[in-house]
Amino acid sequence: MSKLDNLDLRLLLELVRDPRAQVSELSERLGVARNTAQSRIRRLLRAGTLRRNGRELDLEALGYDVVAFITIEVSHRELDAVIAGLRTLTQVLEVHEISGRGDVWCRVAATDTHNLQAALRSVLRIKGVIRTETVLALHEHIPYRTEPLLERLAQLPSDA
């Protein structure tokens with residue numbers, strides 16, 4: 001897909017915020033014709049930039065070619081502050097408190113390794129972060145999904 005313009009990015013942002021928004025609502029919010037919004041959505045879906053559920057995006061299409069998983073060891077008194085600090089970093093996609101080695105796990109996106117290094121430095125500057133361990137994702141084989149769980153539950157006999 002060719003480079004995304006400002007309208008594409010604003011449309012994607014609206015869809016992520018409200019994936020059930022109707023095309024007419026989107027066109028009104030963005031100040032464009034309904035047909036323009038519809039054709040842009042179709043183009044983004046065809047290109048794979050916008051995945052079929054309307055909420056997941058292809059990060060690579062947005063220019064974020066590097067995905068990494070960071071395990072963070074945290075001073076336990078500072079856990080809430082660390083999570084609040086991670087929330088302010090735009091490259092942090094998700095954060096989980098974990099058991100085992102480390103205390104917090106997060107997924108980050110970066111445009112390149114230099115951008116990832118800057119993000120890692122930002123994480124390390126958060127008060128309460130003791131150390132981090134970073135693993136790079138080389139390829140996504142199965143994107144985040146819930147459909148198989150729902151299919152399995154739908155096949156179970158109901159108690160009703």
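How many helices and strands does the protein chain have? I looked this up first: there are six helices and four strands, taken as DSSP runs numbered from the N terminus (helices H or I, at least four residues; strands E, at least two).

A note on my source: this is a predicted model, where local features need pLDDT of at least 70, side-chain atom pairs count only at pLDDT 80 or more, and totals for chains, interfaces and linings use all residues. Residues are numbered from 1 along each chain as its sequence is written, and side-chain values use heavy atoms, with hydrogens and water left out.

Order of elements: from the N terminus I read α-α-α-β-α-β-β-α-β-α.

Core: I looked up the largest nonpolar core (buried Ala, Val, Leu, Ile, Met, Phe, Trp, Tyr and Cys joined through side-chain atoms within 4.5 Å; buried means under 20% relative accessible area with a 1.4 Å probe, protein chains only). I found 18 residues in this core, and Ile70, Ile72, Leu86, Val108 and Leu116 have the most contacts inside it. Two or more residues each come from β1 (66–74), α4 (79–87), β3 (104–110) and α5 (113–124). β1 gives the largest share, five residues. Apart from this core I found another of 14 residues, including Leu15, Ala37, Ile41 and Leu44.

Burial: I see that 30% of the 160 residues in the protein chain are buried.

Leu150: I placed this residue in helix α6 (residues 147–155). Is Leu150 buried or exposed? Leu150 is exposed, at a relative accessible area of 55%, where exposed means over 50%.

Extent: I found that the C-alpha trace spans about 50 × 50 × 30 Å along its principal axes.
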